[in-house]
Each structure stands twice: as structure tokens, then as C-alpha cells.
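Please examine the sequence and the structure shown here before reading on. The account below then goes through the ligand sites one at a time.

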Amino acid sequence: MALAVVDLIFTRKIKHRAIHVLILLTGLAVQTQMAVTEAQNLGRTRHYAPDQPIKFSHKVHAGQNRIDCKYCHTGVFAGKSAGIPSPNLCMNCHFVVKSGRNSGRFEINKIAEALKTGKPIEWIRIHSLPEYAYFNHSQHVMVGSVSCQQCHGPVENMDIIYQYADLSMGWCVNCHRQTKVQADYNPYYQNNKKLQELVKSGKLKSLTVEEIGGLDCMKCHY
Ligand code: HEC
Ligand code: HEC
Ligand code: HEC
Ligand code: HEC
Ligand code: HEC
């Protein structure tokens, strides 16, 4: 763009002004596009993968040793947060497994150290929605039967975990438009005669999260 401006005013090597105008307009469009994208991503932390105080690997635990996500992230059974396991839970296994293949005793020792001194392990939080947005794990995992991987990606292959989705409103809402509610085994929906009649009569083609109100502003902002 700078070259086009210089040529337009001083050097005048290119005869047709239309070419200068074209370069300037295209450049401006690309930069506006970049500015809009960056503005939308302000405050979002996709791909964030900070260094953690203990080099904990999901690949070793959830991948190679096939430990269920819910064994450590017990919050998903009943609550809003998935939660991070306490050192006591780590010690269920590391009381016996005292050294690892990659880091020997060094990293695992830190767990026992934390318990002995009572000083908590200061894990750095990766995923964090703004305060004005409400999200509930048990509603998605237990009621909606959405798998962890649909939102968090192939965690069992990650040595260092990172934020997989952008956690934008568009991401939430698009999934609510496309995903069907698990109505078959859920007594709440089986007892809901009004909904069943709507589906039977063909007025509702399919029961998506959108149909049960998953696009209402107040479900996520209140
Ligand atoms: C042995 C226990 C254990 C198992 C099993 C486990 N995790 Fe974790 N998880 C942790 C610990 C400890 C952290 C915090 C350290 C870190 O971020 O690496 C964590 C962090 C996370 C985070 C990031 C939290 C944040 O700060 O935003 C996500 C997401 C996650 N786990 C998902 C999963 C999923 C999905 C599975 C199953 C495929 C799983 N975890 C299995 C212990 C476990
Ligand atoms: C259900 C059992 C189990 C639990 C719970 C568990 N681990 Fe492990 N952990 C293992 C096994 C098995 C290994 C692999 C040892 C090896 O390298 O063969 C391991 C390895 C490790 C290693 C070394 C990795 C390497 O390759 O050097 C670290 C560090 C570690 N765990 C941290 C943790 C932390 C922190 C927690 C609690 C959040 C935890 N573990 C909970 C079973 C467990
Ligand atoms: C529908 C999408 C979705 C599914 C399914 C999901 N998560 Fe999350 N997860 C999120 C969002 C969004 C956040 C950020 C929540 C916040 O900041 O309030 C998050 C945060 C987390 C965190 C860190 C903060 C916390 O809540 O403790 C962990 C750990 C986690 N998820 C683990 C899991 C595990 C394990 C599963 C499967 C059992 C799972 N998630 C299923 C969307 C999902
Ligand atoms: C991978 C798909 C998926 C993503 C991504 C997702 N959801 Fe959902 N959500 C669901 C499903 C499925 C249900 C229906 C659960 C049920 O049957 O009640 C649901 C239900 C909800 C409900 C209850 C709606 C109602 O009418 O009862 C809220 C609130 C909600 N989600 C918030 C969020 C927020 C906030 C995000 C983004 C941070 C999000 N969801 C991302 C699949 C998703
Ligand atoms: C399924 C959940 C969900 C629903 C439904 C929803 N939102 Fe959001 N909204 C979010 C999440 C999550 C964020 C924050 C993440 C982001 O976009 O950065 C957000 C962010 C916002 C923001 C701030 C945008 C910004 O960039 O600062 C506004 C304003 C907003 N929503 C308005 C609305 C309105 C109005 C409606 C109804 C038409 C609505 N939302 C419905 C989940 C939802």
C-alpha cells in the first residue's frame, strides 16, 4: 500500500490510476477484516497452554493409562464446575507409582511435597468464561450426554493441555442449533406430553436444544 501511494504521488511508474486505487482498496479491506477478527478475539484465549507447576500429562493418564476423565474431574457429575483433583486423589495411585517414564521421581515428588507442607499446588486455570455467562458441566455431560472431547478436543492425546474451542457465544449457540436433546431415556421429556405431541404431529421436525430454549438470552445471561 505504501508503494502504491508513493508511486501515485511521486514516481508515477504505473500509468493507470485504477491499479493504485485497486491496491489501496484491497489493502484496506484486508486490514479492516484483520481488525474485526482481532477485536472479536479480545479476551478470548483459544490455544492457551500455560506451564503448570507439575508437568502433568493427560496423554499419560487419560490416554496411555485410560483413566476416566470423571475419576479426576468429579464435579461434572453434579455441578457447574468440572473441578481439578486434589493431591489426595493423585496419591491414590502415586503412593505406589513413585516415578514416571519421562520425569522420573522429580515431578511426582512434588505431589507428596504439597501434602506434607500443606501448600496447595497452584494450577493455572486455562478455560474461563466471562462472569456474565453461565455454563454448567453436569447439564451437558450427564443430562445432554455431550462428550468431553466435543468441547475440549482430543485431550487424551495432549501432553500439555490447551484450550481447544474459542468458547465464544457463537460456538455455544451453533451447537444448540444443531444438537438434538437426548429425549429417549430422559423421563423429563417422556412425561412432557406437549412436546411429544408437537413431534408426533410433525410441527417439530426434531427436538434440538434450540427448541427447549437453548437460544434464550436469559438461559446463559442472567
Ligand atoms: C489423573 C487425573 C486426571 C484425569 C484422568 C484427567 N484429568 Fe484433566 N486435569 C487434571 C489436572 C491435574 C489438571 C490441571 C493441570 C493441567 O491443566 O494440566 C487438568 C486439567 C484439565 C483441563 C483444563 C482445566 C482448565 O484449567 O481450564 C481440562 C479441560 C481437562 N483437564 C479435561 C480432561 C478430560 C476431557 C479428561 C479425559 C479425557 C481428563 N481431563 C482426564 C487431572 C486429570
Ligand atoms: C489412577 C491412577 C493415577 C492417578 C489418580 C494419578 N496418576 Fe499420575 N501416573 C499414573 C501412572 C500409571 C503413571 C505412569 C508411570 C509411568 O511412567 O509408567 C503416572 C505418571 C505421572 C507423572 C509422571 C509422568 C512421566 O511420564 O514422567 C506425573 C508427574 C503424574 N503422574 C502426576 C499426577 C498428578 C499431579 C496426579 C493428580 C492430579 C496424578 N498423577 C494422578 C497413575 C495415576
Ligand atoms: C458443552 C461443552 C463442554 C463439555 C461437554 C465439557 N466441558 Fe469442560 N468446560 C467447558 C467450558 C465452556 C468451560 C469454561 C467454564 C467456565 O469458565 O465457567 C469448561 C471448563 C472445564 C474445566 C476447568 C474449569 C472447571 O470447570 O473446573 C475442566 C477441568 C473441564 N472443563 C473438564 C471437563 C471434563 C472432564 C468434561 C467431560 C466429563 C468436560 N469438561 C465436558 C465446556 C465443556
Ligand atoms: C457440543 C454441543 C454444545 C455446546 C458447545 C454447548 N452446549 Fe449448551 N447444551 C447442549 C445440549 C445437548 C444441551 C441440552 C441438555 C438437556 O437435555 O437439558 C444444552 C443445554 C444448555 C443449557 C440449558 C438450556 C435449557 O433450555 O435448559 C444452557 C444454559 C447451556 N446449554 C449453556 C451453554 C453455554 C453457555 C455454552 C458455551 C459456553 C454451551 N452451552 C455450549 C450442547 C452444547
Ligand atoms: C448458549 C448460551 C448463550 C445464549 C443463549 C446467549 N449468549 Fe450471549 N454470550 C454467551 C457467552 C458464552 C458469551 C461470552 C463469550 C464470548 O462471546 O466471548 C456471550 C457474550 C455476550 C455478549 C458480550 C459480547 C462481547 O463480545 O463482549 C453480549 C452483549 C451477549 N452475549 C448478548 C446476548 C443476547 C442479547 C442473547 C439473546 C439473543 C444472548 N447473548 C444469548 C452465551 C450465550
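The following paragraphs describe two iron sites and the residue shells around three of the ligands. The model is predicted.

The iron atom of ligand 2 offers a starting point. Two histidines coordinate this iron atom through their NE2 atoms, His61 and His94, at 1.9 Å. The six donor atoms give angles of 84 to 179 degrees, and the site is octahedral. The two histidines belong to distant parts of the chain: histidine 61 sits in helix H3, residues 58-64, whereas histidine 94 sits in helix H5, residues 87-94, with the two positions 33 residues apart in numbering. Are these two histidines buried or exposed? Histidine 61 has a relative accessibility of 23% and therefore counts as partly exposed, because the buried class requires a value under 20%. Histidine 94, at 14%, is buried.

Beyond the metal, ligand 2 is surrounded by 20 residues, of which His61, Cys90, Cys93, His94 and Arg101 are the closest. Histidine 61 thus appears again here, and a polar atom of its side chain lies 2.8 Å from a nitrogen atom of ligand 2. Backbone atoms also take part in the polar contacts: a polar backbone atom of arginine 101 is 2.7 Å from an oxygen atom of ligand 2, and a polar backbone atom of serine 103 is 2.8 Å from an oxygen atom of the ligand. Two or more residues of this shell come from each of H3, H5 and helix H6 (106-117). H5 gives the largest share, with four residues. Sorted by class, the shell holds 11 nonpolar, six polar and three charged residues.

The iron atom of ligand 3 is likewise held by a pair of histidines. His137 and His152 coordinate this atom through NE2 at 2.0 Å. Why is the arrangement called octahedral? The six donor atoms around the iron atom of ligand 3 subtend angles of 87 to 179 degrees, and the arrangement is therefore octahedral. This pair, too, links distant parts of the chain, since histidine 137 lies in helix H7 (residues 137-143) and histidine 152 in helix H8 (residues 148-152), 15 residues apart. Histidine 137 is buried, with a relative accessible area of 18%, while histidine 152 is partly exposed at 25%.

Attention now turns to ligand 1. Its shell comprises 22 residues, and His58, Cys69, Cys72, His73 and His127 come nearest. Histidine 58 places a polar side-chain atom 2.8 Å from a nitrogen atom of the ligand. Oxygen atoms of ligand 1 are approached by polar backbone atoms, with isoleucine 126 at 2.8 Å and histidine 127 at 2.7 Å. At least two residues of the shell come from each of H3, helix H4 (69-72) and H8. By class, 13 residues of this shell are nonpolar, seven are polar and two are charged.

Ligand 5 completes the description. Around this ligand there are 16 residues, with Arg44, Met169, Cys217, Cys220 and His221 coming nearest. Arginine 44 has a polar side-chain atom 2.8 Å from an oxygen atom of ligand 5. For methionine 169 the contact is made by the backbone, where an N or O atom lies 3.0 Å from an oxygen atom of the ligand. Histidine 221 contributes an N or O atom of its side chain, 2.7 Å from a nitrogen atom of ligand 5.

Methods:
Residues numbered from 1 in each chain as written. Chains lettered and ligands numbered in written order. Predicted model: local features only at pLDDT ≥ 70, side-chain atom pairs only at ≥ 80, totals over all residues. Heavy atoms only, no water. Donors = N, O, S within 2.8 Å, 3.2 Å for Na, K, Ca; no water. Tetrahedral: all angles 85-135°; square planar, octahedral: opposite > 155°, others 65-115°. Buried < 20%, exposed > 50% of the residue type's maximum accessible area, 1.4 Å probe, protein only. Near = heavy atom within 4 Å. Polar contact = N/O pair within 3.5 Å; in protein donor to acceptor, adjacent residues only side chain to side chain. Nonpolar A, V, L, I, M, F, W, Y, C, P; charged D, E, K, R; others polar.
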